[in-house]
Amino acid sequence: MGKNFSITTVSLLLLLTSTNAGQVFDIKSYGAQTNGDITQALTQAWKAACAVAGSKVVISTGTYKLGLVTLLGPCKGAIEFNLQGTLQAPSDIESFKGKDGWVVFERIDSLTVSGGGVFDGHGQMAWQKNNCAKKYNCDILPINIRFNFITNSIVQDITSKDSKFFHINLLECKNLQFQHVTITAPRDSPNTDGIHIGRSSQINITNANIGTGDDCISIGDGTQDITIKQVTCGPGHGISIGSLGRYENEQPVSGIRVIGATLSNTENGVRIKTWPASPSGTASDIHFENVIMDNVGNPVLIDQNYCPNNQCSNESPSNVKINNVSFKNITGTSTTLEAVKLVCSKSVPCQQVVVADIDLAYKGSGSATSTCVNVRPAVSGKQNPSACTKKI
Ligand SMILES: *[C@@H]1O[C@H](CO)[C@@H](O)[C@H](O)[C@H]1NC(C)=O
Ligand SMILES: *[C@@H]1O[C@H](CO)[C@@H](O)[C@H](O)[C@H]1NC(C)=O
Ligand SMILES: *[C@@H]1O[C@H](CO)[C@@H](O)[C@H](O)[C@H]1NC(C)=O
């Protein structure tokens, strides 16, 4: 009886192990070598893996060169992209032939990206060619990792480094979790946003560590139900909803929760930014809670006159309506005198704004201030600076 039982257990375990591990597609079996170009090997391994349910593409430790690739679904079943090594993008933008992504995951359900490896975008040369500060409709440079139409998936334990433009971009994704993702680029690298979420829903980001030259996380139009927890951000421009109202036909943003973030040495803290003279739109149900600011400019900011490099006419107000927003338990230090700045639109004033338990000290001499324009926030708990010391 005991013996039979253990044999049954062992065979059951073996069966479970073999189905769980799935079929492994190691790019080395497709001719990949360390320090070599693996574009073809990876493309072939992906194709083969995608045709099998429960498969895993493995890129083992080592450094590899990779040209632009689109890892396309739909696949037969769940698929894992296991990157243990470091992938290096071409440095020159010419080899991208105008394409705006380096590694593109597209139309995949049940994808896991994992392995502890690095996507190194080699952005240094491209940053010098970035013309977005000068030109309103600038050239979009390649984004390190694009997730287009990805559903029910997980991205964990990977690093994105020195992207030429945004590091990670989501378009039309649903139910996607990011865990333990690291993103790094120099403080002065242009438009190297960490994670940009556009037209997506049910996205969770937990335990991310992001330091770049632009927003750590930015949220574009058509995005709902996003939870960002325990994110460390800096250097960079902070965590941002928007910019919104730049284009026609933008869809609403709603249901955004940022809980338990630490921002260090960023240009802004948590903000909502919309362009003046915009088409109409909405941003609602947006909540920032338990955020620590360490040496941060504009820690709490609603900016409905967002107009970087004077690229717009701000003669008429923004028409993006901001509604049901809270800033709760935000503490630490500000590098700007205006620690709290709520500048809403004259044509559509902000409504249902809650400001609770704020303790922000100005790093220079003088006391921090709080500005309220076209908004009357509901205030509770500690208020340092006092709420709406400047009203316009
Ligand atoms: C995402 O976060 C929300 C809020 O914390 C939670 O209810 C939900 O279960 C999370 N989803 C996943 C897939 O982890
Ligand atoms: C405001 O946000 C809260 C918290 O997410 C939500 O429960 C509530 O339904 C929202 N209220 C309105 C009027 O949108
Ligand atoms: C306020 O936020 C800090 C930092 O996240 C956290 O440690 C603390 O528990 C929060 N306080 C309350 C009352 O939630």
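The following exchange concerns ligand 3 and the enclosed cavities of a predicted model.

Residues are numbered from 1 along each chain as its sequence is written, and chains are lettered from A and ligands numbered from 1 in the order written. In this predicted model local features need pLDDT of at least 70, side-chain atom pairs count only at pLDDT 80 or more, and totals for chains, interfaces and linings use all residues, while side-chain values use heavy atoms, without hydrogens and water.

Colleague: Which residue has a side-chain N or O atom 2.3 Å from an oxygen atom of ligand 3?

Modeller: The residues around ligand 3, with a heavy atom within 4 Å of it, are Asn290, Ile292 and Asn329. A polar contact is a pair of N or O atoms within 3.5 Å. Asn290 places a backbone N or O atom 3.2 Å from a ligand oxygen. The side-chain atom at 2.3 Å belongs to Asn329.

Colleague: What volume does the second largest cavity have?

Modeller: A cavity is a set of points, on a 1 Å grid over the protein atoms alone, where a 1.4 Å probe fits but cannot get out; lining residues have an atom within 4 Å of a point. Grid points are joined across faces, edges and corners, and a volume is the space filled by probe spheres set on the points. The count is 2 cavities of 30 Å³ or more, and the largest has about 70 Å³. For the second largest, the volume is about 40 Å³.

Colleague: How many charged residues line the second largest cavity?

Modeller: Its lining includes Val340, Leu342 and Cys372. Asp, Glu, Lys and Arg count as charged. The lining divides into 8 nonpolar and 2 polar residues, and the charged ones number no residues.

Technical notes: A polar contact is a pair of N or O atoms within 3.5 Å; within protein, one must be able to donate a hydrogen and the other to accept it, and residues adjacent in sequence count only if both atoms are side-chain atoms. On a 1 Å grid over the protein atoms alone, a cavity is a set of points where a 1.4 Å probe fits but cannot get out, and a pocket is an open set with protein on both sides within 12 Å along at least five of seven lines; lining residues have an atom within 4 Å of a point.
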